[in-house]
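Here are some worked exercises for you to try with the structure open. Have a go at each task before reading its solution.

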Amino acid sequence: TKRFVDGLRARGIKLQNNDYFPIVFWEIGELEDLAVTADKLFSAGVVAGIRAFPVVPPNECGLRFGITALHTEAQIDRTLEIIESTCRKIGLRAAG
């Protein structure tokens, strides 16, 4: 979890996780940005839970990742690469 959270922060991604709890929420922002991002990540093999209004405020939509001890460092690193690449491809500012 620390590797994933620190990797997201290093990429300027806005997230809710100050204690390295294994549930990581990436706040993307608007629903349209969330839908495009989730679709691109899923197409690349990254599966995350979608949190959209009314579960969260309309402008605080995001993705929820569950990290376990079964995730390898290589998987975490690859996921971070995919996230970074996806943000660049769709023009999403990493910090939402």
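**Exercise 1.** Which residue in strand 4 is the bridge partner of E27?

Solution. Keep in mind throughout that this is a predicted model. Begin by placing E27, which lies in strand 2, residues 23-29. Next, look across to strand 4, where G62 is the bridge partner of E27. The two strands involved, strand 2 and strand 4, pair in the antiparallel sense over 6 bridges. Now check G62 from its other neighbour: R51 stands opposite G62 in strand 4.

**Exercise 2.** Decide whether E27 is buried or exposed.

Solution. The cut-off you need is that buried means under 20% relative accessible area. E27 has 10% relative accessibility, so E27 counts as buried. For a sense of distance, compare E27 with S85: they are 58 residues apart in sequence, and their C-alpha atoms are 17 Å apart in space.

**Exercise 3.** Work out the strand order of the open sheet, and find which strands stand at its edges.

Solution. Take the pairings one at a time.

- Strand 1 pairs with strand 2 in the antiparallel sense over 2 bridges, and here L15 stands opposite W26 in strand 2.
- Strand 2 pairs with strand 4, again antiparallel, over 6 bridges.
- Strand 3 is joined to strand 4 by 3 bridges, and these strands run antiparallel.

Put together, the open sheet of 4 strands has the order 1-2-4-3, with antiparallel pairing. Strand 1 (15-16) and strand 3 (49-51) each have a single partner strand, so they stand at the edges and one side of each is left without a neighbour in the sheet. To finish the picture, add helix 2, which packs on the sheet and touches strand 2, strand 3 and strand 4 (61-66). The direction of helix 2 makes about 35° with that of strand 4.

**Exercise 4.** Helix 3 packs with helix 1 and with helix 2; what is the angle in each case?

Solution. Start with helix 1 (residues 2-10): it packs with helix 3 at about 20°, the axes being 10 Å apart. Angles under 35 degrees count as roughly parallel, and helix 1 and helix 3 are therefore roughly parallel to each other. Their crossing is right-handed. On the helix 1 side the contact is made by R3, F4, G7 and L8, and on the helix 3 side by E73, I76, D77, T79, L80 and I83. Sorted by character, these residues are 5 nonpolar, 2 polar and 3 charged.

Now turn to helix 2 (residues 31-43), which packs with helix 3 (residues 73-90) at about 130°, with axes 10 Å apart. Helix 2 and helix 3 are therefore oblique to each other. This crossing of helix 2 and helix 3 is right-handed. V36, T37, K40 and L41 of helix 2 meet I82, I83, T86 and I90 of helix 3. The contact of helix 2 with helix 3 has 5 nonpolar, 2 polar and 1 charged residues.

**Exercise 5.** Inspect the backbone at P54 and at Y20: what is the omega value before P54, and what is phi of Y20?

Solution. First find P54, in the loop between strand 3 and strand 4. The peptide bond leading from F53 to P54 is cis, with omega near 15°. Then move to the loop between strand 1 and strand 2, the place of Y20. Phi of Y20 is near 60°, a positive value in a residue other than glycine. As a last step, note that Y20 is partly exposed, with a relative accessible area of 32%.

Conventions
Residues numbered from 1 in each chain as written. Predicted model: local features only at pLDDT ≥ 70, side-chain atom pairs only at ≥ 80, totals over all residues. Heavy atoms only, no water. Axes fitted to C-alpha atoms, helices over the stretch in contact; angles between N-to-C directions. Parallel < 35°, antiparallel > 145°, perpendicular 65-115°, else oblique. Left-handed = near helix turned anticlockwise from the far one by under 90°. Contact = heavy atoms within 4.5 Å. Nonpolar A, V, L, I, M, F, W, Y, C, P; charged D, E, K, R; others polar. Buried < 20%, exposed > 50% of the residue type's maximum accessible area, 1.4 Å probe, protein only. Pairing = 2+ DSSP bridges.
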